[in-house]
Amino acid sequence: MSIVRKLFAAASLSAALVASPALAEPMKIALVVKSLGNGFFDAAHRGAEEAADEIGDIEIIYTGPTSATAEGQIEIVNSLIAQQVDAIAISANDPDALVPSLKRAMDRGITVVSWDSGVAPEGREMHLNPSDTQLIGETIIKLAADYLPDGGDVAILSASSTATNQNAWIEAAKEALPEKFPDINLVAVVYGDDDSVKSTNEARGLIASYPDLDAIIAPTTVGVVSAAQVVTDQDLIGQINVTGLALPSEFKQFIDNGASQAVALWNPIDLGYSAVHLAHQLATDQAEAEPGATLSIGRVGEVTLDDSNSAAMAPPFTFDKSNIEEFAKIY
Ligand code: RAM
């Protein structure tokens, strides 16, 4: 429990003793996202609100910068410290740049967890990965390889160049390539910063620079939409397959028109929901973040922390023509 909350609890208890109604303040949990206006994070926010309703007495502060930068998030963290929130659950734009301000938050008794995109261990109590990093790395290559029986050239269109999650997946993908996908040739990795305009320009650049490109793999829900729109606009459907990690509600049109054969993602609602459950348990001292600890993530189940106090929520789902319509109604 944060110092502020303990003091507040004590104050409201004495207020109750003098027979005035207790001024119980809800616990404030800030869900800090990479950037606002991203449908993936809006879905996570829905899950966060669901967890808050379920647990009760929690106010969710949903916030993030307008573009996916560490500087923007540092300003936000500083203002959350000033607001004396009880917990910060952050999807970080950089593993290291946020550490000093998050350390300051923890020094003031604020619980800090990262989720989706992690912070270095010294800047948080624990990190929740959506799925196993190795599995996601392999999955994004397999999504392309499954439709290239004779192998081919693929390029990755990522989010920002400092995003912890995408960098880890790309690393895992590169490790899997030589042994598991020897006929897949990764020709380039470019960064669209989870910005539609930059992602569109980067996708156009890839197509111009690599005329034999067979697939664009975008492990970001923002980049994958931009890439599929470029392939559609340039009449390249059937020639370049766009794949990666996509939000079904935003991406269904590109499975329907054939710009993509299949994409994958975990449940973003469950991810936001789980992050709030974890932040709440740590902030109330119901659990401690230490290697081997098992923490509840409500209706999603439970997670056990590894040596770096990280855990993974669940495996990703694959979406194609057979099921995307059903999932597009949910997230
Ligand atoms: C974007 C963000 C997010 C990532 C998803 C797959 O929305 O980069 O961090 O997890 O894509």
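Start by selecting helix H10: 16 of its 16 residues are buried, so the helix is mostly covered, given that buried means under 20% relative accessible area. Keep in mind as you click around that this is a predicted model.

**Stop 1: along helix H10**

Put a distance marker between the two end C-alpha atoms of H10. What span should its 16 residues have at 1.5 Å a residue? The expected value is 22 Å, and the end C-alpha atoms are 23 Å apart, which agrees.

Now pick alanine 275, which sits in helix H10. Is alanine 275 buried or exposed? Its relative accessibility is 1%, so alanine 275 counts as buried. To see what is around it, show Val113, Trp115 and Leu128: alanine 275 is in contact with these three, once you leave aside its neighbours within four places in sequence.

For a longer hop, add alanine 163. Alanine 275 and alanine 163 are 112 residues apart along the chain, and their C-alpha atoms are separated by 18 Å.

**Stop 2: the start of H10**

Slide back to asparagine 267, in the loop between strand E10 (263-265) and helix H10 (268-283). Turn on its side chain. At the start of H10, a side-chain oxygen of asparagine 267 reaches to within 2.8 Å of the backbone nitrogen of isoleucine 269. The side chain of asparagine 267 also reaches the backbone nitrogen of aspartate 270, at 3.0 Å.

How accessible is asparagine 267? Its relative accessibility is 15%, so asparagine 267 counts as buried. Leaving aside neighbours within four places in sequence, asparagine 267 is in contact with Met313, Phe317 and Tyr331, so light those up too.

**Stop 3: just past H10**

Jump to the other end and select aspartate 285, in the loop between H10 and strand E11 (294-296). Check the backbone angle here. Most residues other than glycine have a negative phi. Aspartate 285 has a positive phi of about 60° although it is not a glycine. Is aspartate 285 buried or exposed? With 52% relative accessibility, aspartate 285 counts as exposed.

**Stop 4: helix H3**

Next, select helix H3 (residues 70-82). This helix has 13 residues, which at 1.5 Å a residue should span 18 Å; the end C-alpha atoms are 18 Å apart, and that agrees.

Colour the buried residues of H3: Ala70, Gly72, Gln73, Ile76, Val77, Leu80 and Ile81. Look at how they are spaced. An α-helix has 3.6 residues a turn, so residues three or four places apart point the same way. What covers the buried residues of H3? The cover includes E1, E2, E3 and helix H4 (99-107).

Both ends of H3 deserve a click. At the N-terminal end, threonine 69 caps the helix, with a side-chain oxygen 3.1 Å from the backbone nitrogen of glycine 72. Just after H3 comes glutamine 84, with a positive phi of about 55°, although glutamine 84 is not a glycine. Glutamine 84 belongs to the loop between H3 and E3. Its relative accessibility is 45%, so glutamine 84 counts as partly exposed.

**Stop 5: the sheet**

Switch to a cartoon view and pick out the strands. In what order do the 6 strands of the open sheet run? The order is E2-E1-E3-E4-E5-E13, and the pairing is parallel. At the edges you will find strand E2 (58-63) and strand E13 (310-312), each pairing on one side only. Turn the view to look along the sheet: the twist averages 20° from one strand to the next.

What holds such strands side by side? Strands of a sheet pair through backbone hydrogen bonds, either parallel or antiparallel. For one pair, zoom in on strand E1 (residues 27-32) and strand E3 (residues 87-90), which pair in the parallel sense over 4 bridges. Click isoleucine 29, then look across to alanine 87, its bridge partner in E3.

**Stop 6: zoom out**

Finally, colour the chain by domain. Domain 1 takes in 17-129 + 268-314, and domain 2 takes in 133-265. How far apart are the C-alpha centres of domain 1 and domain 2? They lie 29 Å apart. Now show where the domains touch: 14 residues of domain 1 are in contact with 14 residues of domain 2.

Notes. Residues numbered from 1 in each chain as written. Predicted model: local features only at pLDDT ≥ 70, side-chain atom pairs only at ≥ 80, totals over all residues. Heavy atoms only, no water. Pairing = 2+ DSSP bridges. Axes fitted to C-alpha atoms, helices over the stretch in contact; angles between N-to-C directions. Buried < 20%, exposed > 50% of the residue type's maximum accessible area, 1.4 Å probe, protein only. Polar contact = N/O pair within 3.5 Å; in protein donor to acceptor, adjacent residues only side chain to side chain. Contact = heavy atoms within 4.5 Å. Expected span 1.5 Å × (residues − 1). Domains from an automatic or database assignment.
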